[in-house]
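Here are some friendly notes to read alongside the coordinates. They go helix pair by helix pair, then turn to the sheet and the chain contact.

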Amino acid sequence: MVNDTGSHRWSRRRLIGFASLAAALAAVGIEWPPSPVSGAGSADSAAPAVEATLLAFIGALFGRVLSPLDAADLAERVACLLAFKGPLEGDCRALALYLDHLAARRGCPAFTRCEPASQALIVDQVMRIDVNSMAARLLTQLSAGHRAYYRMRWSAVPQLAWLYRHSAAAWRARGYTRWAGVAGDWREVLHPGVPYP
Amino acid sequence: MSAAQRYDLVIVGAGLVGGLLAAAATRRGRRVALIEAGQKFRFEDRPRQLQHHQVFGGAVWPYENTERDRYTDSSASSIGVRYALESHRLKGVGGSTLHWGGRINRLMPADFTSASLYGTGMNWPITYAELEPYYSDAEWELGVSGTHHPSHPARSRDFPNPGFPMSVDDAFWVPIAERFGATVYPTSWAINSRPYAGRSECVAMAACKVCPSGARYSADIHVAAAEHSGHCDLFTNTVARRIDMNGDGSVKSIQVSSLQGEGREVHGTHYVIAAHAVESARLLLLSNCGNHSDQVGRNLMEHVYIDAGGYLPSRRFYPRRGGFEGLESLSYYDGPDRRERGGIKLEFTFERDPLDDMEGRRIWGKAMAEHDREDFGHWIGLGSETEHQPNPHSRVSLDPAERDLFGDPVPHIHLAFNDIDRRTQRRAREVAGELLSAAGVKTVVQDPLSVHSFASHHMGTCRMADDPDQGVVDRNCRVHGVSNLYVAGGSVFPTAGAVQPSLTIAALALRLADHLLPT
């Protein structure tokens, strides 16, 4: 009984705390709640749409217009990432949903349909999410929606960046015709390569 | 394995030593039991492993088993950083040669007599000349591609494969080194420059840590040969837990357990512990074996890597076309000042990916594309492999509290440096700075000396010495006081030198094979 009373008291206190916190966060411009990412892990968004959104994000993140060949190579790897059932899949889906949410705010039907300039601004907004701030640490503890929001930034974004850095697309952009895993002739190193396109 | 089965040779560890010994023994008609804590990876899976790594990151070789591989570490209290053992070893058939780079070097003759020559370290009970024929044999077993250079120690046989020539990028360093009176040479590799021993020549997949073509040597090749002979029983996912002794001071059996906890005994005539410098020492300590002079686990050595580099906007290089960079220098290895500091080997690199700067420099979008265009191929780097002196306070011991999945104490790592080590690291940093500045680098990027990176070379812990009070094994790798127990691998090194230890490990294994298994 004593414990129950205590927990009710704590709930009231927590409610007041949440309300104050939400007001304070709203005042400094932090969205509450970051609804589009909340529950994204279980969202049944069509996989091709999520893939396309993540591909567009990768292109904008690295300032690249992806050729059809690049897009095909990357799509295969993104599909591999999404097929891996676990937290990472949910984080990637959350990112895709959030990108579309930000796109809608800019009047685009989807992130993939935004002009490059708008995509760049959205990428900038995502990349500036401060996962190390005190607010991030606090909110991650308090709300599942915020946990998904911050995870999207510190889990999905670096994973997609890793995937791009190790992809054919990254090396093709540098003028390379081979990359890790593609066989060639070691004697190639005896001659200069091609300049950066 | 039946309870009655008795082998000529029982080997704990199916890595470089285990593979070479098992292959040598079975060629000579001996029956071998090879006990390996890890799994057997399939060669055909290597492309899939690479692709998985390229998508997800993490280990290319998923060897870890958290409960089996637990350890504790207190290195931060002495050298300021934790030692991450899990990223520096690989448990599985083939051992650490599954993920090694494949650089091949012999120790220098002076490394065997540093106490006499310089008053540092400790003399080996054997000389370079005694080991030299086995160095050559090891190069032929592994299929080394190399070109002899005047700075290399003397050799009795040529390399089995021609060396990889100096690349167009490597040639940049030649005149700069000459200005300092230094010489550079193309690195020797355990990578085929031509088809050799049934393996393909290098096809430049730029993925040496997994080498999907098999051109880079890994010890699973020798394990497979031993198995193929029909004289070798390989027991994977089987952990050696104790060495059982007879009353006469000889080994009776090795107690092993499957990962599910099913235990049994393996009996043999001779026993070789080749389970890596950490686990070999741990097994002896767990068995209270060979530690009469409190030497087991002591003198744990690593090679500290001193990294430096910088941008050179005026010159374009073409990194990662072959997958391995191939220039080294031994000009700062030896010399009169080695009384004050240890050996230093220089390795020249051109790799740094500007795309890695995203989070650190907070650049993305068009700015990142521009950054990559401006910086890619303009980085030159110098990695210095530095000698770590034997030091009794640098050691592996049994953790008094933590237990593994069987309830056995886990290994506790405590790396320590002495003043000579710090002077070696400082000198390596100076040399790198001088050479990079001379190359035209305006801003040399170097970590402070308090930030250590390591070469993943574990040595010491069961060192070789004629005097039983000074070491664990004798000149033939036999544990002092035990008639049929041997330790092999980097763990028996009395000193570490400043070169990759694998060829010396292989040479010692072949020498042990001759000692144990006369033809």
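1. Let me start with a helix pair in chain A. Helices α6(A) and α7(A) are oblique to each other, because their packing angle is about 130 degrees and angles over 115 but not over 145 degrees count as oblique. Please keep in mind throughout that this is a predicted model. The two axes are 6 Å apart, and the crossing of α6(A) past α7(A) is left-handed. For your selection, α6 covers residues 134-142 of chain A.

2. Which residues make that contact? From α6(A) they are A136(A), L139(A), T140(A) and L142(A), and from α7(A) they are H146(A), R147(A) and Y150(A). Sorted by class, this contact of α6(A) with α7(A) holds 4 nonpolar, 2 polar and 1 charged residues.

3. Helix α7(A) also turns up where the two chains meet. Chain A puts 36 residues into the contact between the chains and chain B puts in 34 residues. On the side of chain A that touches chain B, at least two residues come from each of α2 (47-61), α3 (68-83), α5 (116-127) and α7 (144-165) of chain A. The largest share, 5 residues, is supplied by α7(A). The class breakdown for this side of chain A is 23 nonpolar, 6 polar and 7 charged residues.

4. Now to chain B as a whole. Its secondary structure amounts to 12 helices and 21 strands. The radius of gyration of chain B is 23 Å, close to the 24 Å from the globule rule for 519 residues, so chain B is as compact as a globular protein of that length. Along the principal axes, the C-alpha atoms of chain B occupy a box of roughly 70 × 50 × 50 Å.

5. Helix α12 (residues 502-516) of chain B is worth a look, starting with its packing against helix α1 (residues 16-27) of chain B. The axes of these helices come within 9 Å and cross at roughly 30 degrees, so α1(B) and α12(B) are roughly parallel to each other. Their crossing is right-handed. The α1(B) side of the contact consists of L16(B), V17(B), L20(B), L21(B), A24(B) and A25(B), while α12(B) brings S502(B), I505(B), A506(B), A509(B), L510(B), L512(B) and A513(B). Between α1(B) and α12(B) there are 12 nonpolar, 1 polar and no charged residues in contact.

6. How is α5(B) placed relative to α12(B)? Helix α5 (residues 128-142) of chain B and α12(B) have axes that come within 8 Å and cross at roughly 105 degrees, which makes α5(B) roughly perpendicular to α12(B). In this contact, L131(B), Y134(B), Y135(B), D137(B), A138(B), E139(B), E141(B) and L142(B) of α5(B) meet L503(B), A506(B), A507(B), L510(B) and R511(B) of α12(B). The classes here are 9 nonpolar, no polar and 4 charged. Note that A506(B) and L510(B) are listed for α12(B) in the contact with α1(B) and also in the contact with α5(B).

7. On to a sheet in chain B. It is an open sheet of 3 strands in the order β3-β18-β17, and its pairing is mixed. The edge strands, each paired on one side only, are β3 (72-73) and β17 (395-403) of chain B. Strands β17(B) and β18 (residues 409-414) of chain B are antiparallel, with 5 bridges between them. To check the register, find R395(B) opposite H414(B), and V396(B) with its bridge partner I413(B).

8. Two last details belong to β17(B) and β18(B). Their hairpin has 5 residues between the strands, and G407(B) there takes a positive phi near 90 degrees. Helix α8 (residues 276-286) of chain B lies across both strands, and α8(B) runs at about 65 degrees to β17(B).

Terms used: Residues are numbered from 1 along each chain as its sequence is written. Chains are lettered from A and ligands numbered from 1 in the order in which they are written. This is a predicted model: local features need pLDDT of at least 70, side-chain atom pairs count only at pLDDT 80 or more; totals for chains, interfaces and linings use all residues. Two strands pair if DSSP finds at least two bridges between them. Helices (H or I, at least four residues) and strands (E, at least two) are DSSP runs, numbered from the N terminus. Two residues are in contact if their C-beta atoms, placed from the backbone, lie within 7 Å. Axes are lines fitted to C-alpha atoms, for helices over the stretch in contact, and angles run from 0 to 180 degrees between N-to-C directions. Ala, Val, Leu, Ile, Met, Phe, Trp, Tyr, Cys and Pro count as nonpolar, Asp, Glu, Lys and Arg as charged, and the others, Gly among them, as polar. Angles under 35 degrees count as roughly parallel, over 145 as roughly antiparallel, 65 to 115 as roughly perpendicular and the rest as oblique. A crossing is left-handed if the near helix is turned anticlockwise from the far one by less than a right angle, and right-handed if clockwise. The radius of gyration is taken over C-alpha atoms; the globule rule is 2.2 Å times the number of residues to the power 0.38.
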